[in-house]
Amino acid sequence: MSLSQTIDFDLDLINRYNTAGPRYTSYPTAVQFHEGFTAERYAEIARETNASGRPLSLYFHIPFCDTVCFYCACNKVVTKDRTRARPYLDRLYREMELQGELFDRSRPVTQLHWGGGTPTFISHDEMTELMQRTAEHFRLLDDDTGEYSIEIDPREVDDHTLSLLRKLGFNRISLGVQDFDERVQQAVNRVQSESLVLGVLDEARRLGFRSTSVDLIYGLPHQDRKTFGHTVDKIIQVDPARISVFNYAHLPDRFKPQRRINEADLPSPSEKLAILQQTIQQLTEAGYVYIGMDHFAKPDDELAVAQRDHTLYRNFQGYSTHSNCDLVGLGSTSVGMVGHSYSQNRHDLESYFERIDAGRLAVFRGVELDADDLLRRDVITRLICHFELAFADVEKAHGIRFTDYFAQELKALEGMQADGLLQMTGESITVLPAGRLLIRNICMTFDRYLREAKEQRFSRVI
Ligand SMILES: C[S@@+](CC[C@H](N)C(=O)[O-])C[C@H]1O[C@@H](n2cnc3c(N)ncnc32)[C@H](O)[C@@H]1O
Ligand code: SF4
């Protein structure tokens, strides 16, 4: 294992730095998106990107779920009525026509993702149709070289689903497992048997999916080291290429379904940290490396290799090996990253339908990045992906002198250096194993909007 991909779990440091912070799937973060950024501006920017001929990444949001998981913080519509997919897909096709007109057909789609909600809520015929319609408007790759992925709820898979998805061009799946313990499953209303999950993973391997990823969540009701340890052990035995271990944050005011979770059943903060520590130990002993931000991978997985080669990239779809794409978001709530902008579609189905039915794009807010945003995004992305930053690389890309431009930030990092989170020289920053779990805190130092918000709060206080 490469030393640069190891982590240290330092309880004292984690407790000290444990503040809420952005996950930096975008910089600036969604807080900076505003409605002054219009669909018309989005269309202009999209057309301008054709000059670059860059590949495209398509994200499709399928918002429906058959039953609600009480912990869920995703944007979803819970319904047993499968006919609700039809009017949504019709709008998605209309939106694809509108979006497809903006981008040159010669631009290859090197990345494609169906996310949710539950993408497999739709019928097999609808899946086939959605892919066919996509191919009418965008240049899909048919040689399996793209990164075509889909989120799978094991309860929504029958004997033919995975083989159909493979035939349609998908080569990666991520599987929502969360926890195998029955008591936990019942408390969060997500009951799925072990044999079901293991069967899906086996089938994916047999069908030649290139990479399989499993989602687990720690911090759920009734979890403790012993029970969650069993879940992790069982997952390790089936040997997926990637494992995500998400932290459950209980925010019932923000996410209504979470009100149905009994707070008294949640593990204490110290038990939660102990679960995390144990999980990291289990995964690293089993040969997984820490990629960053909740993600682990086998050392020979593309993501781990890309991290070592410094070609790893991170955007709204998470970690990826395809950095040079414009990302087109399709469907309600989807986020796009096109040219130097972020954009977001309307959230709820009604207002999404209303826009599309009026023959307009559904973008309702976004942000254009200025030179400072681009520079800071580059710094944050490099730190998150590589845990290392050579000032000369940033200087070359942005025409600045790093130590002058970021004098204030470098000063602020001194405390973290003293705490052993990172090592600075006059030419670089290296995140040390004890700083890897706290990477978002390190990145927050470079976030201009957070600093400005803090300064404003401070000036109000005095
Ligand atoms: C859109 S869901 C995956 C697809 C499918 N709906 C499923 O649940 O299997 C994406 C993942 O987000 C994670 N997730 C959802 N809500 C969460 C929360 N409140 N805290 C942590 N992780 C969460 C779960 O691990 C889930 O598998
Ligand atoms: S975790 Fe997945 S299946 Fe459960 S409610 Fe959320 S999106 Fe739907």
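In this predicted model, ligand 2 is surrounded by Cys65, Cys69, Tyr71, Cys72, Lys76, Gly117, Thr118, Asp153, Arg155 and Arg190. By class, this shell holds four nonpolar, two polar and four charged residues. Cys65, Cys69, Cys72 and Tyr71 belong to the shell and count as nonpolar. Lys76, Asp153, Arg155 and Arg190 are also in the shell and count as charged.

**Hairpin β15–β16**

Strand β15 covers residues 335–338. Val335 and Met337 point one way from β15, and Gly336 and Val338 point the other way. All of them are buried. Strand β16 spans residues 341–345 and runs antiparallel to β15. Four bridges join the two strands. Val338 has Ser341 as its bridge partner in β16. Two residues lie between the strands of this hairpin. In the turn, Gly339 has a positive phi of about 55°.

**Cavities**

How many cavities of 30 Å³ or more does the structure hold? There are two. Their volumes and lining classes are set out here.

| Cavity | Volume | Nonpolar lining residues | Polar lining residues | Charged lining residues |
|---|---|---|---|---|
| Largest | about 90 Å³ | seven | three | two |
| Second largest | about 40 Å³ | three | seven | no charged |

The largest cavity is lined by Tyr24, Thr25, Ser26, Tyr27, Tyr313, Arg314, Met337, Tyr342, Arg377, Ile380, Thr381 and Ile384. Which element supplies the largest share of this lining? Helix α12 does, with four residues. The helix covers 371–386. β12, at 313–315, also supplies at least two residues. The hairpin reaches this lining too: Met337 and Tyr342 are among its residues, Met337 being one of the buried residues of β15. The two charged residues of the lining are Arg314 and Arg377.

The second largest cavity is lined by Tyr42, Gln99, Gly329, Ser334, Val335, Gly336, Ser343, Gln344, Asn345 and Val363. The elements giving two or more residues to this lining are β15 and β16. Which of the elements gives the most? β16 does, with three residues. From β15 come Val335 and Gly336, which point opposite ways from the strand and are both buried. The lining has seven polar residues and no charged ones. Its three nonpolar residues are Tyr42, Val335 and Val363.

Taken together, the hairpin links the two linings. Met337 lines the largest cavity, whereas Val335 lines the second largest cavity. Val335 and Met337 point one way from β15.

Conventions:
Residues are numbered from 1 along each chain as its sequence is written. Chains are lettered from A and ligands numbered from 1 in the order in which they are written. This is a predicted model: local features need pLDDT of at least 70, side-chain atom pairs count only at pLDDT 80 or more; totals for chains, interfaces and linings use all residues. Side-chain values use heavy atoms; hydrogens and water are left out. A residue is near a molecule or strand if one of its heavy atoms lies within 4 Å of it. Buried means under 20% relative accessible area, exposed over 50%, partly exposed in between (1.4 Å probe, protein chains only). Two strands pair if DSSP finds at least two bridges between them. On a 1 Å grid over the protein atoms alone, a cavity is a set of points where a 1.4 Å probe fits but cannot get out, and a pocket is an open set with protein on both sides within 12 Å along at least five of seven lines; lining residues have an atom within 4 Å of a point. Grid points are joined across faces, edges and corners, and a volume is the space filled by probe spheres set on the points.
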